[in-house]
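Reader: I should like to discuss the sequence and structure that follow. Please take my questions in turn.

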Amino acid sequence: MSVWTEDRIARLKTLWSLGWSAQRIADTLGEDVTRSAVLGKVHRMKLSVGRSPVSPAGPAVAAPEGPRRASGRSGRPAPVRTSARSGVAPEAPAFGLATILSVRRCDCRFPYGEPGAPAFRLCGRPVARGVFCAAHAEIAYQRRPQSAEALMQLAGLA
């Protein structure tokens, strides 16, 4: 079953003609419509022909009524951040919350288990740095000491 009902197509045409971005339209149309889906539909319907690449500056236009994405992330743990004062790294969770199919753009992608195994999961907590939550960023992004000897070895001169 397609996510593109007649109502959504009509709303897409209206919002696109008003100069809305594909992300803003996707957010307005509902959770099962992505930015890429909007862009694909616009391309197939040839709506982008003749549209200025720069969206017009003007007063904000109210969105037509319809389903909207939830503003909060219900069921997701709150982001964990490292305290600058204490210097204590946050603790990594014991198991993954997301699967490869359910992970979203702003979810931590730290893997748990072997890829391909039925129990394989990704962390799924909110991203704090790069593609990882604060706890996994501490693990993944570690600074190497940049001593003169280390640089010489890296250059292959030592």
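Reader: Which residues of α3 do Ile9, Leu12 and Trp16 in α1 meet?

Author: This is a predicted model, in which local features need pLDDT of at least 70 and side-chain atom pairs count only at pLDDT 80 or more, while totals for chains, interfaces and linings use all residues. Residues are numbered from 1 along each chain as its sequence is written, and side-chain values use heavy atoms, with hydrogens and water left out. Helices are DSSP runs of H or I with at least four residues, strands are runs of E with at least two, and both are numbered from the N terminus; contact means heavy atoms within 4.5 Å. On the α3 side, the residues met by Ile9, Leu12 and Trp16 are Val38, Leu39, Lys41 and Val42.

Reader: How are α1 and α3 oriented towards each other?

Author: Axes are lines fitted to C-alpha atoms, for helices over the stretch in contact, and angles run from 0 to 180 degrees between N-to-C directions. The two axes come within 11 Å and cross at roughly 85°. Angles under 35 degrees count as roughly parallel, over 145 as roughly antiparallel, 65 to 115 as roughly perpendicular and the rest as oblique. The orientation of α1 to α3 is therefore roughly perpendicular.

Reader: At what angle do α2 and α3 pack?

Author: Ala22, Gln23, Ile25, Ala26 and Leu29 of α2 meet Arg35, Val38 and Leu39 of α3. The axes of α2 and α3 are 8 Å apart, and the angle is about 110°.

Reader: Which elements give two or more residues to the largest nonpolar core?

Author: A nonpolar core is a set of buried Ala, Val, Leu, Ile, Met, Phe, Trp, Tyr and Cys residues joined through side-chain atoms within 4.5 Å; buried means under 20% relative accessible area, exposed over 50% and partly exposed in between, with a 1.4 Å probe and protein chains only. The largest core has 13 residues, and Trp4, Leu12, Ile25, Leu29, Val33 and Val38 touch the most other members. Two or more residues come from each of α1 (6-17), α2 (22-29) and α3.

Reader: With which residues is tryptophan 4 in contact, leaving aside its neighbours within four places in sequence?

Author: Tryptophan 4 is among the residues that touch the most other members of the largest core. Beyond its sequence neighbours, the contacts of tryptophan 4 are Ile9, Leu12, Leu29, Val33, Ala37, Val38, Lys41 and Arg44.

Reader: How far is the sulfur of cysteine 133 from the closest cysteine sulfur?

Author: A disulfide is a pair of cysteine sulfur atoms within 2.5 Å, and the structure holds 0 disulfides. Cysteine 108 counts as buried at 0% relative accessibility, and cysteine 133 counts as buried at 2%. The closest sulfur to that of cysteine 133 is in cysteine 108, too far for a bond, at 3.8 Å.

Reader: Is lysine 46 buried or exposed?

Author: Lysine 46 is found in the loop between α3 (35-44) and β1 (111-112). Although not a glycine, lysine 46 has a positive phi of about 55°. Most residues other than glycine have a negative phi. With a relative accessibility of 60%, lysine 46 counts as exposed.

Reader: How many of the 8 residues of helix α5 are buried?

Author: Just after α5, glycine 156 takes a positive phi of about 80°. Helix α5 spans residues 148-155 and lies largely in the open, because its number of buried residues is 0.
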